[in-house]
Amino acid sequence: MKVFICKMCAHIEFSSAPGTCPVCGAPQSQFQQNDKVFDESAEKSPEGGIKHVPVITVVADCKLIPEQNCTDILVRVGETLHPMEEKHYITFLDLYLDNRYVSRVMLSPDMYPGAVFHLKSTGSKVSVVEMCNLHGYWINKADI
Ligand SMILES: [Fe+2]
């Protein structure tokens with residue numbers, strides 16, 4: 001899988017670099033390809049997966065928007081909860097539907113490392129990319 005990273009906001013796009021970054025609006029020239037970015041994080045922190053790989057739970061019927069049958073993607077980082085401290089925290093979660101970017105949730109040390117996405121779109125697979133300010137990029141996928 002090809003991976004393109006925005007140098008301005010750290011957003012990742014798969015397959016090709018977009019005309020402009022959907023998160024920060026930076027031009028295509030700001031994207032740099034690094035297909036090994038997830039492998040690099042795992043190699044630098046071989047024990048880090050348990051605290052960094054996003055845990056994804058899919059709930060098909062949360063009842064928040066019952067007339068629309070939203071599909072809810074619950075994300076927690078990670079199996080052992082990642083710290084959220086001034087010097088070490090999860091900065092954002094980016095959600096993708098079939099490798100197409102959908103939305104970002106920004107996090108801060110005042111928050112727990114998790115989020116819920118209420119999807120109206122249908123697809124077959126969601127991916128969540130997580131950025132740790134010290135330990136880089138981690139990803140996980142789930143069928144919906
Ligand atoms: Fe970390």
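**Cysteines, a small sheet, a helix and an iron site**

At 3% relative accessibility, Cys21 counts as buried, because the cut-off for a buried residue is under 20% relative accessible area. This value, like the others in this section, was computed from a predicted model. Cys21 is located in the loop that connects E2 and E3. Leaving aside residues up to four places away in sequence, Cys21 touches Cys6, Cys9, His11, Ala26 and Phe31. One of these contacts, Cys9, is 12 residues from Cys21 along the chain, and the C-alpha atoms of the two are separated by 8.7 Å.

Two further cysteines were examined for burial. Cys6 has a relative accessible area of 2% and is buried; Cys70, with a relative accessible area of 5%, is buried as well. The structure holds 0 disulfides. For Cys6, the nearest cysteine sulfur belongs to Cys24 and is 3.7 Å away. Cys6 is therefore in no disulfide, because a disulfide requires cysteine sulfur atoms within 2.5 Å.

The strands on either side of the Cys21 loop, E2 and E3, belong to an open sheet. This sheet is formed by 3 strands in the order E2-E1-E3, with antiparallel pairing. E2 and strand E3 (31–33) are the edge strands, each of which pairs on one side only. From one strand to the next, the twist averages 30°. In general, strands of a sheet pair through backbone hydrogen bonds, either parallel or antiparallel. E1 and E2 run antiparallel and are joined by 3 bridges. Phe4 has Glu13, in E2, as its bridge partner.

Helix H1 covers residues 37–44, and in this helix Val37, Phe38 and Ser41 are buried. Viewed down the axis of H1, the buried residues fall within an arc of 105°, so they line one face of the helix. An α-helix has 3.6 residues a turn, so residues three or four places apart point the same way. The buried residues of H1 pack against four elements: strand E1 (3–6), strand E2 (12–14), strand E9 (125–132) and strand E10 (136–143).

The model also contains an iron ion. Its protein donors are His52 (NE2), His82 (NE2), His88 (NE2), Cys132 (SG) and His135 (ND1), at 2.1 to 2.4 Å from the ion. Along the chain, the donors follow the spacing H-x29-H-x5-H-x43-C-x2-H. Among the donors, His82 and His88 are buried.

How values were computed
Residues numbered from 1 in each chain as written. Predicted model: local features only at pLDDT ≥ 70, side-chain atom pairs only at ≥ 80, totals over all residues. Heavy atoms only, no water. Buried < 20%, exposed > 50% of the residue type's maximum accessible area, 1.4 Å probe, protein only. Helix = DSSP H or I, 4+ residues; strand = E, 2+ residues; numbered from the N terminus. Arc of directions from axis to C-beta. Contact = heavy atoms within 4.5 Å. Pairing = 2+ DSSP bridges. Axes fitted to C-alpha atoms, helices over the stretch in contact; angles between N-to-C directions. Donors = N, O, S within 2.8 Å, 3.2 Å for Na, K, Ca; no water.
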